[in-house]
Amino acid sequence: MRTKKQIEKMMIGMLLGGGCLLSSCHSVYMSAEDRLQGDYQEAVAEVELETVEELTAFAYSDVSVIPYTVENIARGFTDLSDEEIEKYKVCDEYDQKSLTVPEENTKIQLGFGDIYFYFYAIDSEDALRYLNITQPENHERRFLLSELAERFPKKDLAQLSREEAIKICDQAIADAKIPAVFENAFAMDYETLCKLQEDASKQYGEGFYCAPGSEYIEGSDPWNGTWNVKQWTKEQEAYYVVYKQQLDEKRFYSPTYPWIELFVNADGQIFYANSGMPALDLSQAKKEEQKIISAQEAYSMGAAILQKQKLNQSKILSVKLCYSHKKYINVEEENEKVVGASASIIPCWEICFGHMMYQGQNVNDYLYLDAVTGLEVQNGIY
């Protein structure tokens, strides 16, 4: 489970600069250019490759952060009137903004600098129970959306269809003025939740993937306490709905927090939402035109990375330009310091690759390459 301190550390790291890699062959003597052309010719008929004239794109520095506001989050995720929002919102001595309705479970909390938010309509510990069960058992590996589709194979819940849940979340995102696009939604049905809890408890202990209401009871020795474990119930079914940010009408990839996450119950209520990525504004940023690799080159590099990661059975569907923070995989971060409420943005190639799931559902995942260097941008690591 991610603690508040861990989350805040990860969020601070989000706005830091960081600096820091394909193939078919008809002959061992074939040149790199010939191999690249072969890859491209094979892909071009089926893969959407974005054409960029002159092979240049802009990188941006001093990008302004557009802070989240309690007012917008409340308008998006609650039924509070403007008068009620003014009544319940507070700002403490550390300039941290929040909103709490004492007689309800409703709470909104903004992070330092207003660059991330949490919305709760249930107890915060119970909300984390839902978040934890969407995450991999080994928190240090990539977690693909296809893995979530395998984990939660059911399309719809009995009381609320997937389409209805998406519509509810779309409206909330729009009302909260968050520039984001829908990515996917997963039905967390009762039977699956119970099976995940049962399997995890056998392997890792009774406190793993346990249901809301569970609690750890410390004894005289805090490491040898007992668990009051609750089982998942039908009433706790929900949809896990994820969105991705947009910037300047292009998709934006945040290495640390790739998704905006929403949970909506079978009654149609969004009871937990969070985002680790604020909106950004390029209008006053410094921009620098840079030479970039082509979509064909990115395709070949991406295919090699997928093969190395044993995902070569996946089919590359498109290669498009997008933006990302300047943060790379396998980079030691030494002497970090906060740069304030601004960010450095680089152009990236977004490589979308698809999976055909066993129940016939198509699920897309993504790989991101620095459009200048071809380095893989750090992907979704929990």
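Which residues touch the most other members of the largest nonpolar core? The views below start there. The model is predicted.

**View 1. The largest nonpolar core has 76 residues.** Phe77 and Leu262 touch the most other members of this core. Strand E10 spans residues 238–247 and gives the most to the core, with seven residues. Another core lies apart from this one. That other core has 22 residues, among them Leu144, Ala298, Tyr299 and Leu321.

**View 2. Leu262 has contacts with residues far along the chain list, including Phe77 and Cys169.** Residues up to four places away in sequence are not counted here. Leu262 also touches Ile173 and Ile270. Tyr239, Tyr240, Val241 and Tyr243 are further contacts of Leu262. Tyr272 and Ala273 complete the set.

**View 3. Helix H3 is largely enclosed by the rest of the structure.** H3 runs over residues 70–77. Why is H3 described as largely enclosed? Seven of its eight residues are buried, so the rest of the structure surrounds most of the helix. The buried residues are Val70, Glu71, Asn72, Ile73, Ala74, Gly76 and Phe77. Phe77 is also one of the two residues that touch the most other members of the largest core.

**View 4. Ten aromatic residues form one cluster.** Tyr116, Tyr118, Tyr120 and Tyr130 belong to the cluster. So do Phe186, Trp232 and Tyr240. Phe263, Phe271 and Tyr272 are members too. Across the structure there are 20 aromatic pairs. Tyr240 and Tyr272 from this cluster also touch Leu262.

**View 5. Two charged ends sit over aromatic rings.** The charged end of Arg251 lies over the ring of Tyr366, 4.7 Å from the ring centre. The charged end of Lys287 lies over the ring of Phe58, 4.5 Å from the ring centre.

**View 6. Leu148 is a buried residue of helix H6.** H6 covers residues 145–151. Leu148 has 4% relative accessibility, so it counts as buried. How far apart are Leu148 and Ala187 in sequence and in space? They are 39 residues apart in sequence and 9.8 Å apart in space, C-alpha to C-alpha.

**View 7. Cys348 is in no disulfide.** How many disulfides does a search of the whole structure find? The search finds zero. The cysteine sulfur nearest to Cys348 is that of Cys322, 5.1 Å away. A disulfide needs sulfur atoms within 2.5 Å, so this pair does not qualify. Cys348 has 0% relative accessibility and counts as buried. Cys169 is buried as well, with a relative accessible area of 0%.

How values were computed
Residues are numbered from 1 along each chain as its sequence is written. This is a predicted model: local features need pLDDT of at least 70, side-chain atom pairs count only at pLDDT 80 or more; totals for chains, interfaces and linings use all residues. Side-chain values use heavy atoms; hydrogens and water are left out. Buried means under 20% relative accessible area, exposed over 50%, partly exposed in between (1.4 Å probe, protein chains only). Helices (H or I, at least four residues) and strands (E, at least two) are DSSP runs, numbered from the N terminus. Rings of Phe, Tyr and Trp (its six-membered ring) pair if their centres lie within 6.5 Å; planes under 30 degrees apart count as stacked, over 60 as edge-to-face and the rest as tilted. A charge sits over a ring if NZ of Lys or CZ of Arg is within 6 Å of the ring centre and within 35 degrees of the ring normal. A nonpolar core is a set of buried Ala, Val, Leu, Ile, Met, Phe, Trp, Tyr and Cys residues joined through side-chain atoms within 4.5 Å. Contact means heavy atoms within 4.5 Å.
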